[in-house]
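Please follow this explanation with the sequence and the coordinates side by side, taking each element in turn.

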Amino acid sequence: MPKILMLAMTYPEPAVSGHRVRIRALANVLKEQATLRLLVLSPTFEEDGERQTRAAFDAAIVVSEQTLLLQKAATQLPALLRGRQRWTERFRINAVKAEIAAEIEAFGPDIILIGHAALVSMVEPLGLDWSRVIVDHQNVESINYERMARDGTWLQRLGANLDARVFAKLERLSAKAAQQWAVSDVDRDALMKLTGKPVHTVPNVAPDSAFHLIPRGTKPGAELVFGFMGSYGYAPNRTALRELIAISEILGRTDSGAKIIALGGGAPAGLDAEAAAAGIVMPGFVADAHAYFERFTLLLAPLRSGSGTKLKVVEALAMGLPVVTTAIGAEGLPIEREGLGRVEESNEALAHAAMSLAGDRGALQEMSERARAWAHTHVSMEALRTVIAARLEAFDASRGPRTE
């Protein structure tokens, strides 16, 4: 079995964000197929994160904590202006870099899996051999930040545009790696256009637990509940919550009795209050949200930015929840082609599509069954095992016979 060191920029446990879910899924499969060691580079210490991560995986954790706003600005702003990756700049400091290098040398990996495009900035400073490197792109981050630059204050738009340029540089640098992985064929094609090198699809997947959910909310007679989930510290989810507020007001003009539940934490207090005033139920972060998911009639995801396949959409399909979303929310997924939901753009059209689907519970349950069947074939942990096994076999074949 190969020895794989996975370099991650956050704890995979608890999996409270899409990026953590991606790391956890990859790590769980890799530890079945290789001798895996996680090397987590975290900007902050998290007691639960460290405890749960060490319980689940063989892991080393390097923390370079900066808690004060001035500390962060002093590190990140110069990095951005020099065209460097602001999140990883603190790990280039000699003392921290030496600790990371020592962990890598002590493990002696055959393969180094870079768990985010941001961490590509660490490959050459650490003296890593590109022929042993695989880069996993959770998103095409240059596109992600270009889209985020459409929203927010002028300062936020400026920062997002600078980040987009830095990520485009890192994505081009990723072409030096032995393999690049993307979460969908759409992302694969975008990265191939940017880098001029082959990229392989290694899909975002739903956890096994999602397939065990009973979607009671799709059944005849169940209350009408449109669900959403996300971490609102992430700008695309905050924008989606604002869109849900507008949709809630549209639904309020009907006598449908429809309810919107938006799961997840991190919403700014003002936005949280605005959502509550619009009648949206926001329970915050819920460790085990299955009781909520069972009540959902469908997932309503008015996403206007972000890139990559959206894990909230993937998980909803695995749960047997039809999806009403935008083109960006459906990116990389055959929502309409396979009859798994509806894709619309305006808030009026999204509200109408959700009501239309929910109005025929027989057809909705058929869609629910189709969604779960499609997800089992394409975005399950079993599907991920098959794809990763093929990628590792190809990596081994490309390096030729081993010499002892």
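In this predicted model, the buried residues of helix α5 are Glu141, Ser142, Asn144, Tyr145, Arg147 and Met148. These make up six of the eight residues in the helix, which spans residues 141-148, so α5 is largely enclosed by the rest of the structure. The packing partners of its buried residues are three helices, namely α6 (154-173), α7 (185-195) and α8 (235-252).

One of these buried residues, Arg147, leads to another part of the chain, since its side chain makes a polar contact of 2.9 Å with the side chain of Glu331. Glu331 is located in the loop that connects β12 (323-325) with β13 (341-343), and its relative accessible area is 16%, which falls under the 20% cut-off, so Glu331 counts as buried. Leaving aside residues up to four places away in sequence, Glu331 touches Arg147 and Val186, together with Gly306, Ser307, Gly308, Thr309 and Lys310.

A second enclosed element is strand β2 (residues 35-42), in which seven of the eight residues are buried, so that this strand, too, is largely enclosed by the rest of the structure. Strand β1 (residues 3-8) runs parallel to β2 and is joined to it by six bridges, with Leu7 having Leu39 as its bridge partner in β2. Together with helix α1 (residues 18-33), β1 and β2 form a right-handed β-α-β unit. From β2 the chain then crosses through helix α2 (residues 47-56) to β3, in a β-α-β crossover that is likewise right-handed. Strand β3 (residues 59-63) is parallel to β2 and linked to it by five bridges, and here Leu38 stands opposite Ala59.

Methods. Residues are numbered from 1 along each chain as its sequence is written. This is a predicted model: local features need pLDDT of at least 70, side-chain atom pairs count only at pLDDT 80 or more; totals for chains, interfaces and linings use all residues. Side-chain values use heavy atoms; hydrogens and water are left out. Buried means under 20% relative accessible area, exposed over 50%, partly exposed in between (1.4 Å probe, protein chains only). Helices (H or I, at least four residues) and strands (E, at least two) are DSSP runs, numbered from the N terminus. Contact means heavy atoms within 4.5 Å. A polar contact is a pair of N or O atoms within 3.5 Å; within protein, one must be able to donate a hydrogen and the other to accept it, and residues adjacent in sequence count only if both atoms are side-chain atoms. Two strands pair if DSSP finds at least two bridges between them. A crossover is right-handed if, with the strands pointing away from the viewer, the path from the first strand over the helix to the second runs clockwise.
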